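Okay, thanks for coming, everyone. I'll put the chain up on the screen and then walk you through what I see in it.

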Amino acid sequence: MRAWTAGAAAGAMTAFWGASAFAADLLGQPTPGAIDMQPGVTPLRHDAIFFHNVILLPIITAICLLVLGLILWIAIRYNKRANPVPAKFSHNTAIEIIWTVVPVLILMGISIFSFRLLFAYNDMPPAYMTIKATGYQWYWGFEYPDQKIGEFVSNILPEDEAKAKHVPYRLAATEPLVVPVNKVVRVLVTGADVIHAFAVPSFGIITDAVPGRVNETWFKVDRPGIYYGQCRELCGVDHAFMPIEVHAVSQAEFDAWVATKGGSPVGAKPAPAAVAPAAEGAATPAAATVPAAPAAPAPAAAAKPVSLPAPAAAPAAK
Ligand SMILES: [Cu+2]
């Protein structure tokens, strides 16, 4: 009972103040007994936690308390004994306007923060490097095209090895995804057989791995560490056994790791990566305007020569 009370108190504290100031949650993996979200290490995750803890939770709490208060008020003040002769009216214009307009305003307020976060997810800064993650039944394949590292396979680390290494079984993998800290990493996600999903909670990302399609997401890890993720789309019997293990390391350590994989550390990474997102961001407007622009003058230009020679030809014929 005391544990439950402590848990409820912790829950209330966490709900109102966020876990960071209260509990020592493990970084990059779930914490036994914890109820808050995993701590974030990327800008997207920080924003998502802010949105949840500072915007949504207070609104939800206030609405719940308001409705609870109204129910109690009605049940106590207007029950049959306390109020034997009920009022006969059935409409109140003022209150009907209020309970229509106020929820609309609340939703509009939420949408400002919600859309800002949604755009941040899609508005990737210029990427330092790209990783291609492919979901298989039931493991992941990772490829580093910028470093010329071909696809390598990452399986679940067997239970005895995980125990021997003191790493979490079902989260630890045979091959980690190694990335440099403080660099924008673009992840291209696809599936080879069925739909999987690439998810790393502390990065705040979850992207479907769909066969025949390439989805994109990004992260920028702000501190070194080991961060675990999992497949998040039910993909078959071993769905629970295809973890993702990400090591965020310094640039020097990353370059050393690239060398051990037989890749080229530098290459021409920043240039194509810097151009690509800009082109992608402009892809929709560019695609809309560029073909339209030549298309529009083209018929006009074609029409003019056709119509012009005609009058010119007519006098020539005379
Ligand atoms: Cu799965």
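**Starting from one alanine**

Let's begin with A133, which is buried because 23 other C-beta atoms lie within 10 Å of its own, and 20 is enough to count. Before I go on, keep in mind that this is a predicted model. A133 sits in strand β1, residues 129-136. Which residues does A133 touch, once we leave aside its neighbours within four places in sequence? The answer is W140, F142, V187, V189, F198 and A209. There's also E151, 18 residues away from A133 in sequence, with the two C-alpha atoms 8.8 Å apart in space.

Now zoom out from A133 to the sheet around it. β1 belongs to an open sheet of five strands, ordered β3-β2-β1-β5-β8, and the pairing is mixed. At the edges you find β3 and β8 (215-219), each pairing on one side only. On average, neighbouring strands here are turned by 25 degrees against each other, if you ignore direction. And a quick reminder for anyone rusty on this: sheet strands pair through backbone hydrogen bonds, and that can be parallel or antiparallel.

Have a look at the hairpin end of this sheet. Strand β2, residues 139-144, runs antiparallel to β3, residues 149-154, and four bridges join them. Two spots to click on: G141 is opposite V153 in β3, and Y144 has I149 as its bridge partner. Between the two strands there are four residues, and in this hairpin K148 has a positive phi near 60 degrees.

Okay, on to the other sheet. In what order do its five strands come? Reading across, we get β4-β10-β9-β6-β7, again open and with mixed pairing. β4 (177-180) and β7 (205-209) each have a single partner strand, so one side of each has no neighbour in the sheet. The twist from one strand to the next averages 25 degrees.

Inside that sheet, β9 (residues 225-231) and β10 (residues 243-249) are an antiparallel pair with six bridges. One position to find there is G229, whose bridge partner in β10 is I244. Then, lying across β4 and β10, there's helix α5, residues 251-260, which runs at about 140 degrees to β4.

Next, a helix that is worth a bit of arithmetic: α3, residues 93-122. It has 30 residues, and at 1.5 Å a residue it should span 44 Å; the end C-alpha atoms are 43 Å apart, so the two figures agree. There is a bend in α3, though, of about 25 degrees at S111. How many of the 30 residues of α3 are buried? Zero, so to speak a bare helix: α3 is hardly covered.

Let me finish with the whole chain. Altogether we have ten helices and ten strands. Of the 318 residues, 23% are buried. If you take contacts with a separation of 6 or more, 66% of them are between residues 24 or more positions apart.

And how far does the predictor trust all this? The average pLDDT is 82, and 76% of the residues score at least 70. The stretch to watch is residues 268-318, where pLDDT is below 50 and the model has 14 contacts beyond near neighbours in sequence. Okay, that's my tour. Questions?

How values were computed: Residues are numbered from 1 along each chain as its sequence is written. This is a predicted model: local features need pLDDT of at least 70, side-chain atom pairs count only at pLDDT 80 or more; totals for chains, interfaces and linings use all residues. Two strands pair if DSSP finds at least two bridges between them. Axes are lines fitted to C-alpha atoms, for helices over the stretch in contact, and angles run from 0 to 180 degrees between N-to-C directions. Two residues are in contact if their C-beta atoms, placed from the backbone, lie within 7 Å. A residue is buried if 20 or more other C-beta atoms lie within 10 Å of its own, exposed if 12 or fewer, and partly exposed in between; C-beta atoms are placed from the backbone. pLDDT is the predictor's confidence in each residue, from 0 to 100. The expected span of a helix is 1.5 Å times one less than its number of residues. The bend at a residue is the angle between axes fitted to the seven residues ending there and the seven starting there.
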